[in-house]
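Please open the model in a viewer and keep the sequence panel at hand. The stops below proceed by selection, each followed by what is to be found there.

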Amino acid sequence: MSQAVSLAAPPRAYNLAGSRFDPLVEAKLERWVAAKREKDFTAADAIRAELRAYGIEPDTVRPPDRELGSITIAPDVQAQLDRWVLAKRDKDFSLADSIRSEL
């Protein structure tokens, strides 16, 4: 996780290829997402701070995968999902699989 992309100068907002950000910024954003997924929060926080120093808010540019936006989940389905999460956390995989098959 020690691999870092250094931003020596403020990045451009977009490049000629049509990407939203400079390739160095895109690489830094991808590294930030990877660090969060790998639960390397020290690295993720450092990368976030560096991006913020350049005026880029990573939480806005790369929002969490689990945001559902305007999707509404029925209360009974949400209750099943909550049970599934608890079963997984308790490592009761047979119960988690059973709940998943019901969903």
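Begin this tour of a predicted model by selecting Gln-80, Arg-83, Trp-84, Ala-87 and Lys-88 in α4, together with Phe-93, Leu-95, Ala-96, Ile-99, Arg-100 and Glu-102 in α5; these are the residues through which the two helices meet. By class, this contact between α4 and α5 comprises 6 nonpolar, 1 polar and 4 charged residues.

Next, display the helices in full, α4 as residues 75-89 and α5 as residues 93-102. Their axes come within 8 Å and cross at roughly 155 degrees. Angles over 145 degrees count as roughly antiparallel, and α4 and α5 are therefore roughly antiparallel to each other. The crossing of α4 with α5 is left-handed.

Move to the loop between α4 and α5 and select Lys-91, which is found there. What is the sign of phi at Lys-91? Although Lys-91 is not a glycine, its phi is positive, at about 60 degrees. Most residues other than glycine have a negative phi. Lys-91 has a relative accessibility of 62% and counts as exposed, because the cut-off for that class is over 50%.

Now zoom out to the whole protein chain. Its secondary structure comes to 5 helices and 0 strands, and reading along the sequence gives the pattern α-α-α-α-α. Of the 103 residues in the protein chain, 24% are buried. Among contacts with a separation of 6 or more, 39% are between residues 24 or more positions apart.

The next selection is the pair α1 (23-37) and α2 (41-53). The axes of these two helices come within 8 Å and cross at roughly 150 degrees. That angle makes α1 roughly antiparallel to α2. The crossing of α1 and α2 is left-handed. To display the contact, select Val-25, Lys-28, Leu-29, Arg-31, Trp-32, Ala-35 and Lys-36 on the α1 side, and Phe-41, Ala-43, Ala-44, Ile-47, Arg-48, Glu-50 and Leu-51 on the α2 side. Colouring the residues of the contact of α1 with α2 by class will show 9 nonpolar, no polar and 5 charged.

Between these helices, select Lys-39, which lies in the loop joining α1 to α2. Is Lys-39 buried or exposed? With 61% relative accessibility, Lys-39 counts as exposed. Its phi is positive, at about 60 degrees, although Lys-39 is not a glycine.

Proceed to the largest nonpolar core and select its 12 residues: Phe-21, Val-25, Leu-29, Trp-32, Val-33, Ala-35, Ala-43, Ala-44, Ile-47, Leu-51, Ile-56 and Val-61. Two elements, α1 and α2, give two or more residues each to this core. The largest share, 5 residues, comes from α1. In soluble globular proteins, nonpolar side chains tend to be buried together.

Within that core, centre the view on Trp-32. Which residues does Trp-32 touch, leaving aside those up to four places away in sequence? They are Ala-44, Ile-47, Arg-48, Pro-58, Asp-59 and Arg-62.

From Trp-32, step across to Ala-44, which lies in helix α2. Ala-44 has a relative accessible area of 1% and is buried, because that class takes values under 20%. Beyond residues up to four places away in sequence, Ala-44 touches Trp-32, Ala-35 and Lys-36. A distance label drawn between the C-alpha atoms of Ala-44 and Val-33 should read 7.5 Å, for residues 11 apart along the chain.

The last stop is Glu-57, in the loop between α2 and α3 (58-61). Glu-57 has a relative accessible area of 30% and is partly exposed, because this value falls between the 20% limit for buried and the 50% limit for exposed. Finally, draw a distance from Glu-57 to Leu-29: the C-alpha atoms of these residues are separated by 9.9 Å, and the residues are 28 apart along the chain.

Definitions and conventions:
Residues numbered from 1 in each chain as written. Predicted model: local features only at pLDDT ≥ 70, side-chain atom pairs only at ≥ 80, totals over all residues. Heavy atoms only, no water. Core = buried A, V, L, I, M, F, W, Y, C linked by side-chain atoms within 4.5 Å. Buried < 20%, exposed > 50% of the residue type's maximum accessible area, 1.4 Å probe, protein only. Helix = DSSP H or I, 4+ residues; strand = E, 2+ residues; numbered from the N terminus. Contact = heavy atoms within 4.5 Å. Axes fitted to C-alpha atoms, helices over the stretch in contact; angles between N-to-C directions. Parallel < 35°, antiparallel > 145°, perpendicular 65-115°, else oblique. Left-handed = near helix turned anticlockwise from the far one by under 90°. Nonpolar A, V, L, I, M, F, W, Y, C, P; charged D, E, K, R; others polar.
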